[in-house]
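Open the model in your viewer and keep the sequence panel visible. This tour goes from one selection to the next and says what is there.

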Amino acid sequence: MKPLQNDTFLRALRRQPTDYTPVWMMRQAGRYLPEYRASRKHAGSFMQLCTSPSFATEVTLQPLERYPLDAAILFSDILTVPDAMGLGLYFEEGEGPKFERTLQQEEDIQALQVPDMAKLHYVFDAVSSIRQALDGRVPLIGFAGSPWTLATYMIEGKGGTDFLTAKKMAYARPDLLHHLLNITAQTVTQYLNAQIAAGAQAVMIFDSWGGALSHDAYQRFSLAYMQTIVAGLTKTAAGEPVPCIVFTKGGGLWLESQAAIGADALGVDWTVDLGEAKRRVGHQVALQGNMDPAILLSTPAAIEAEVARILASYGHGHGHVFNLGHGITQWTPPEHAHALIQAVKTMSPAYHQA
Ligand code: CP3
């Protein structure tokens, strides 16, 4: 394998000088790309893409063939973890993820165990296969869901429920929820460390539903467990530091407490002003974000104006990874994603001159 040829993303996460602002997009391999839709059809289903290392490699590389992105992200899903914990993940066409079993009864939660990582070998095989195929072009990001975000799916059995059953447990039986979160945090730590061992060069924790919690509940039921995971992560692999990004969607109110858990970078959605976020976290962490993915549905001119605004808001200095504030939508015209990436490449060098 060739040594890494473009380390701009890893340097930005470490707040080291770079020539421009690196860019990648959450869900960059997905349904907005016709070649992704063709691969999914060929594989038969989304889960077959995830469980086959060769399909996972093919779709991970698709956005990199089109655009000069600065990072690749493992093609998989956060819900592989509860699936390995025995919940039975399935997808119904057009309906999003569901589980055959839910965790609501005390005896089911008490019986929960950290699964054998061998059940997730297809993910680690995909990581090694993607690293081989990338051949040093850009770094590979591994990822997992936060314990709270995974718990919402494990308790509710599906998304889109306003998390009422999970929240009821938080308030009525905090001991049970803490037990579930504790086992899940141990699982996620082992899962991310196995991805790092297989070749992931950075890792990201997706706390997609942390923003649904109250101020106090967020600290106790989400952030505390992400802190446990960060503390347990492998810090270097093959002599290189492995940075960690923590992203709570809707978590802009809590940046100061997020910055204190030991992660290298925080993901931020579009509800915060990036310049203000930078002042709030100081020199503790790098920032990743924060364009509203809906802007990609507009026009190239509007996209360029928004890129200019976000870059100016972060201002001069290092430590920014350009990204969307959440996943790219399936209705994005691929040429609009290109306009975003080109605009970052063209406009950002001015902010990195000494
Ligand atoms: O960013 C990437 O390119 C890597 C791939 C990736 C996927 N899911 C692929 C995917 C990543 C990082 C995820 C994370 C994920 N999965 C999260 C956290 C990030 C977020 O979006 O908040 C969550 C909550 C999930 C759970 C999940 N998986 C949902 C709610 C859905 C259905 C919604 C949708 O967009 O259809 C999925 C399915 C899924 N995961 C798809 C992809 C490309 C679409 C499946 C398809 O091809 O039909």
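The stops below begin at the ligand and then move to backbone angles and to pairs of residues. The model is predicted.

**Stop 1: the ligand**

Select the ligand and look at what surrounds it. The ligand sits in the largest pocket. Now show the residues around the ligand: there are 22 of them, and those that come nearest are R31, Y36, R40, S208 and H326. Colour this shell by class, and you should find 14 nonpolar, 4 polar and 4 charged residues.

Which atoms of the protein lie close to oxygen atoms of the ligand? Start with R40, where a polar side-chain atom lies 2.2 Å from a ligand oxygen. Next select H326, which has a polar side-chain atom 2.6 Å from an oxygen atom of the ligand. Then go to A29; here the atom to pick is a polar one of the backbone, and its distance to a ligand oxygen is 3.3 Å. On its own the ligand has 870 Å² of accessible area, and the protein covers 88% of that.

**Stop 2: a cis peptide bond**

Select G289 and N290 together and show the backbone. What kind of peptide bond joins G289 and N290? The bond is cis, with an omega of about -5°. Most peptide bonds are trans. To place this spot in the fold, note that N290 belongs to strand 10, which covers residues 286-291.

**Stop 3: two positive phi angles**

Most residues other than glycine have a negative phi. Select D162, which is not a glycine and yet has a positive phi of about 65°. D162 is part of the loop that runs between helix 8 (147-156) and helix 9 (164-172).

Now select F163. F163 is not a glycine either, and its phi is positive too, at about 60°. F163 also lies in the loop between helix 8 and helix 9.

Are these residues buried or exposed? D162 has a relative accessible area of 58%, so it is exposed. F163 has a relative accessibility of 14%, so it counts as buried. The cut-offs behind these words are under 20% for buried and over 50% for exposed.

**Stop 4: pairs of residues apart in the sequence**

For each pair below, select both residues and draw a line between their C-alpha atoms.

Begin with P82, in helix 5 (residues 80-87). P82 counts as buried because its relative accessibility is 0%. Add P115 to the selection: P82 and P115 are 33 residues apart along the chain, and 9.3 Å separates their C-alpha atoms.

Move on to F91, in strand 2 (residues 89-92). The relative accessible area of F91 is 30%, so this residue is partly exposed. Its partner for this step is S45; F91 and S45 are 46 residues apart along the chain, with 8.6 Å between their C-alpha atoms.

Finish with E335, found in helix 15 (residues 334-347). E335 counts as exposed because its relative accessibility is 54%. How many residues apart along the chain are E335 and Y67? They are 268 residues apart, while their C-alpha atoms are separated by 9.8 Å.

Technical notes:
Residues numbered from 1 in each chain as written. Predicted model: local features only at pLDDT ≥ 70, side-chain atom pairs only at ≥ 80, totals over all residues. Heavy atoms only, no water. Near = heavy atom within 4 Å. Polar contact = N/O pair within 3.5 Å; in protein donor to acceptor, adjacent residues only side chain to side chain. Areas by Shrake-Rupley, 256 points an atom, 1.4 Å probe, with all protein chains shown as cover. 1 Å grid on protein atoms, 1.4 Å probe; cavity = no way out; pocket = protein on both sides within 12 Å on 5 of 7 lines; lining within 4 Å. Sits in = over half its atoms within 2 Å of the grid points. Nonpolar A, V, L, I, M, F, W, Y, C, P; charged D, E, K, R; others polar. Helix = DSSP H or I, 4+ residues; strand = E, 2+ residues; numbered from the N terminus. Buried < 20%, exposed > 50% of the residue type's maximum accessible area, 1.4 Å probe, protein only.
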